[in-house]
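Colleague: I would like to learn how to read surface patches, salt bridges and aromatic pairs. Could you take me through them with an example?

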Amino acid sequence: MASSNQPSYGKREEEYRSIARRVMSERDVKDALEALQDRFQRLQFMFEDCVEVHKQRMEKRRLRKEELKKERKVNLVTIVSLLVLITSFLVRFARIVVIGNYSSSVEQDQIQTYPNSLSN
């Protein structure tokens, strides 16, 4: 009678089992089985190595993206700061030019009207 773990081959189960034992005990079959197991272990090792390399690349890529984001923020802050400084300089320059012209014209008006006011 076949156990529940073993597949049932038919009526001659004992004969089939003895054939399977003889085949598995042959040197060529054992060598082939060992070679296949060795290949499988090497493939597993290569797969694990590839997974590790992939993870490292993804981590490097993530770190690089974060670094680029930081660089962009620094560049943006620098550009905005320069624009604020330049705008401030231009506004002050424009005030000096406009107020300077205005004050010089006011001074000229006062100079022209001052002597008249003294004579009165």
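**Reading the surface and its contacts**

Modeller: Let's start with a nonpolar patch on the surface: Leu-82, Leu-85, Ile-86, Phe-89, Leu-90, Phe-93, Val-97, Val-98 and Ile-99 form one, and together they have about 920 Å² of accessible area. Please keep in mind that this is a predicted model, where local features need pLDDT of at least 70 and side-chain atom pairs count only at pLDDT 80 or more, while totals for chains, interfaces and linings use all residues. Residues are numbered from 1 along each chain as its sequence is written, and side-chain values use heavy atoms, with hydrogens and water left out.

Colleague: What are patches made of?

Modeller: They are made of residues with over 30% relative accessible area and no salt bridge; like charges are joined within 9 Å, and nonpolar side chains (Val, Leu, Ile, Met, Phe, Trp, Tyr) within 5 Å. The accessible areas come from the Shrake-Rupley method with a 1.4 Å probe, and for residues only the protein chains shown count as cover.

Colleague: Is Ile-86 exposed or partly exposed?

Modeller: The words have cut-offs: buried means under 20% relative accessible area, exposed means over 50%, and partly exposed lies in between (1.4 Å probe, protein chains only). Ile-86 counts as partly exposed because its relative accessibility is 48%. Ile-86 has its place in helix α2; helices (H or I, at least four residues) are DSSP runs, numbered from the N terminus.

Colleague: Which residues gather in a patch of positive charge?

Modeller: On the surface, that patch brings together Arg-57, Lys-60, Arg-61, Lys-65, Lys-69, Lys-70, Arg-72 and Lys-73. Lys and Arg count as positive and Asp and Glu as negative, while His and the chain ends are not counted. The place of a charge is taken as NZ of Lys, CZ of Arg, CG of Asp or CD of Glu. Take Lys-65 as one of the patch members: Lys-65 is in helix α2, which covers residues 27-119, and it counts as exposed because its relative accessibility is 54%.

Colleague: How many salt bridges does the structure hold?

Modeller: The structure holds six. A salt bridge is a side-chain nitrogen of Lys or Arg within 4 Å of a carboxyl oxygen of Asp or Glu. In one of them, Asp-31 meets Arg-27 at 3.8 Å, N to O. Both residues lie in helix α2, four residues apart, about one turn of the helix. Asp-31 is partly exposed at 33% relative accessibility, whereas Arg-27 is exposed at 59%.

Colleague: Why are Arg-62 and Glu-59 separated by about one helical turn?

Modeller: Because they are three residues apart in helix α2. Their side chains meet in a salt bridge of 2.4 Å, N to O. Glu-67 and Arg-64 form a salt bridge too, at 2.9 Å, N to O. Glu-67 is partly exposed, with a relative accessible area of 42%, and Arg-64 is partly exposed as well, with 41%. Salt bridges that share partners also join Glu-59, Arg-62 and Glu-66 into one network.

Colleague: And how should I read aromatic pairs?

Modeller: A pair of aromatic rings is described by the distance of the centres and the angle of the planes. Rings of Phe, Tyr and Trp (its six-membered ring) pair if their centres lie within 6.5 Å; planes under 30 degrees apart count as stacked, over 60 as edge-to-face and the rest as tilted. By this rule there is one aromatic pair here. Phe-89 and Phe-93 form this stacked pair, 6.3 Å centre to centre with 15 degrees between the planes. Phe-89 and Phe-93 both lie in helix α2, four residues apart, and Phe-89 counts as exposed at 56% relative accessibility.

Key: Helices (H or I, at least four residues) and strands (E, at least two) are DSSP runs, numbered from the N terminus.
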